[in-house]
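Work through the following exercises with the model open beside you, attempting each task before turning to its solution.

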Protein chains: 2
Amino acid sequence: MVNVGLMGLGVVGTGVAATLLRETAPLSDVTGRPVRLKKVLVRDFSRPRDIDLPSGLLTTNAEDILADPDIHILVEVIGGTDPAEGYLRQGLSAGKHVVTANKEVMAKSGPELLALARKNGVNLLFEASVGAGIPIVGCLMNELAANDIRSIRSIINGTTNYILTRMAHQGTSFEQALGEAQELGYAEADPTNDIEGIDAAYKLTILASLAYRRPFQPSDVYCEGISKLEPQDFRYAQELGYAIKSLAIANLVDGAVQLRVYPALVPAEHMLAKVDGVYNAVEVDGSLCGQVLFHGMGAGREPTTSAVVGDVIEAARKMGGHSPPLEVRNGADLTVRPIGDLKVRYYIRLDVADHPGVLARIAQILGDGEISIAAVLQKDTQPETESAEIVITTHSAREASVRKALKAMAGLSQVRRVCNTLRIEE
Amino acid sequence: MVNVGLMGLGVVGTGVAATLLRETAPLSDVTGRPVRLKKVLVRDFSRPRDIDLPSGLLTTNAEDILADPDIHILVEVIGGTDPAEGYLRQGLSAGKHVVTANKEVMAKSGPELLALARKNGVNLLFEASVGAGIPIVGCLMNELAANDIRSIRSIINGTTNYILTRMAHQGTSFEQALGEAQELGYAEADPTNDIEGIDAAYKLTILASLAYRRPFQPSDVYCEGISKLEPQDFRYAQELGYAIKSLAIANLVDGAVQLRVYPALVPAEHMLAKVDGVYNAVEVDGSLCGQVLFHGMGAGREPTTSAVVGDVIEAARKMGGHSPPLEVRNGADLTVRPIGDLKVRYYIRLDVADHPGVLARIAQILGDGEISIAAVLQKDTQPETESAEIVITTHSAREASVRKALKAMAGLSQVRRVCNTLRIEE
């Protein structure tokens, strides 16, 4: 008999509890031994829930799980760092296998917790922390382990992708699309974590740590949100043959790992450009497997439950064995590449005074910075304001040079506004 | 020290040997112990190869691997049933962990070999048998194990997909596209296994056995090849909003599993319609995870090596543990649904005499069979032959009824030829 203690009975916890209670026979068949939900930690008993649990299952005292030697697997779906991280540490120290969906804790303290798991001879599994129903965490640790990972390019925040899809297809403003996402429950009342890329940065930190076998921190990820995008950026992108997607990217360049989350132009024919709505996708480019793309539901009760219960099955299967968690050593000497060293192509949109010679001045600045122009669009001349919009795409250039050039452009009297600068990820 | 014996040094074997020889340090880091290639079985020493192996590594005697108690992991990349299957059985019986890329053996004898592995307390891993670089085998066994699988829809033969992509984009004939595929090395001199769907049926058998935890046989798969497709089918499909793809599908309907491989119409906006060239894709629809799509390179030296070496790492990691291979029990009472019971939408293309009343007769036959028409296209009337082409799509209907109707249509004097009938998979 394998006993499970569940911490948290929110959206995901309810799905996990329902599955563990309903699926006892098939679970036993897959794990080779019966799996039983023994205890569920909640904050208060009185809160209404859409699940009927056998009496005696609920507790408000974490010790009923942490101190029970008969509970073999601890499942944490509380979220946030406090008290969740403390519970995880206690559980691992008490010799319990731990399954968590907690991206924030795994991003900030994952390598440390994995070391604690190894020390105590137990497993720490966290498939649900990235991509929910998409099995990317397990694949990076296991099925794709033979590869040196050249890059990971991903759409791992459904809220952002929903907003960008609305803006692209319906031409709505950012504010309007965000409002719709909030009405539909895809965005929270305070959407900062999603739209500023913080949630994606947590997930990218986890994926990069697995791919490059070296601990990274969320602060290693350069982060730009999507709130400054305007409808015309989507129109220009489309005209140039691109979609705009918020990408979370980790790649290896000259022995250093570059980590970033930002809205970028993606060629319209690329699979990542076709990921719409709340869907997520992760593209792994490996030395042997080449480009493998995973596409699926990256959030929600059922997809997250799929990942959590999958981990419970794995933990139960490995019980009694000696299958220590992955050790992350050989990437220890990899450094993090600063954003200024990024080399990609750029999309720049400017609002300029419609006077002769403006484009020449701008082109001069780019030339001085050794940034070569790939394409220029000049549109939307508005006679009443004597202003025009110029869109420039560049060939590959260094971020630091582009930033310097942008500053110089902003200083030109004819440039009213540098509206937006986006990277182009081919 | 973990010692590996490799059987076969063809395209894949060369990749595996090169990786095991080159990647010793990283492999040890991932597995927690050193991994060493100890012996390589070849058919003859004299054959030229594009790899330099340390002397003493090669042998032409299988017993040098099978009877060596110091070889812990047997890797088989010979292919075909004989002598490969005998070697696998001997290896498992001798207590070796076995990694194989052999789809034919795993499709025909997989469940039996897994039982033999369990009996001998060893692992049998076969990620490379389906989809090469796409980690679908491991994901069905592990990461997605919490799901009841509603369906698997896949493009798992790169040769066929290359030919169909050429026919769709360049309007070439089947024969011409096949010739090109052969020139490029994507198709073999005798392409039967690929273009008739036999290779895909092997792979589907393996996936279905894992998904439904019940042994299936390749003979359970209804199979149709792509050789009868004509350029106009692609034109009509496009006009109707579809792509034509050879799909390998397993799904559960009323407690029975339906298994089939055939060219089908797929909505143009669906991800599977966008899988081009030699790429493969597998879409898994699970009770919890929803639709998860895997996309990547389904053949070739490096992608297959990714899968084989991934399995070697997994086998090495599990050594000394008690992590028995998956047992397939709880799907034992699932039956196989005959193709006549399939219920999907159909595309029918007919060459008819351009006379009044033809369409009425055809519609009558469909009506008699309780098959309702969704759309009709009548085109390409050729005055000189007085013939016309009619394309009909139906709403969902039973395959047996459609076949009966097609027979009746073929019997009409005005119908010169029933050119093609394809299923529509939405």
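## Exercise 1: The shared strand pair

Strand β12 (residues 290-297) of chain A pairs with β12(B) in the antiparallel sense over 3 bridges, where strands (E, at least two residues) and helices (H or I, at least four) are DSSP runs numbered from the N terminus, and two strands pair if DSSP finds at least two bridges between them. The model is a predicted one, in which local features need pLDDT of at least 70, side-chain atom pairs count only at pLDDT 80 or more, and totals for chains, interfaces and linings use all residues. Residues are numbered from 1 along each chain as its sequence is written, while chains are lettered from A and ligands numbered from 1 in the order in which they are written.

Task: find which residue of chain A stands opposite Leu293(B) in β12(B), then describe the side of chain B that touches chain A.

Solution. Begin at the strand pair, where His295(A) is the residue opposite Leu293(B). Next, take the contact as a whole, to which chain B gives 48 residues and chain A gives 49 residues, two residues being in contact if their C-beta atoms, placed from the backbone, lie within 7 Å. On the chain B side, α2 (24-31), α6 (136-141), β12 (290-297) and α12 (301-318) each supply at least two residues, and α12(B) gives the most, with 10 residues.

## Exercise 2: Relating the two copies

Task: determine what turn and what shift along the axis lay chain B on chain A.

Solution. Superpose the copies by least squares on the C-alpha atoms of residues with pLDDT of at least 70 in both; a turn of 180 degrees with a shift of 0.0 Å along the axis then lays chain B on chain A with an RMSD of 0.0 Å. The two copies are therefore related as by a two-fold rotation axis. The same surface serves both copies, since 100% of the contact residues of chain B recur in chain A.

## Exercise 3: An enclosed strand

Task: establish why strand β2 (residues 35-41) of chain A is described as largely enclosed by the rest of the structure.

Solution. Count the buried residues first, a residue being buried if 20 or more other C-beta atoms lie within 10 Å of its own, exposed if 12 or fewer, and partly exposed in between, with C-beta atoms placed from the backbone. Because 6 of the 7 residues of β2(A) are buried, the strand is largely enclosed by the rest of the structure. Then look at its partners: strand β1 (residues 2-7) of chain A runs parallel to β2(A) and is joined to it by 6 bridges, with Asn3(A) opposite Arg36(A). Strand β3 (residues 58-59) of chain A also runs parallel to β2(A), through 2 bridges, and here Leu41(A) stands opposite Thr59(A).

## Exercise 4: Two faces of a helix

Task: decide which residues of helix α8 (residues 174-183) of chain B are buried, and which exposed residues are carried by the face turned away from them.

Solution. The buried residues are Ala177(B), Leu178(B) and Ala181(B). They cover an arc of only 100 degrees around the axis, which puts them on the same side of α8(B), the arc being that of the directions from the helix axis to the C-beta atoms. These buried residues pack against α7 (158-170) and α9 (192-195) of chain B, whereas the face turned away carries the exposed Glu175(B) and Glu183(B). Finally, just after α8(B), Gly185(B) takes a positive phi of about 80 degrees.
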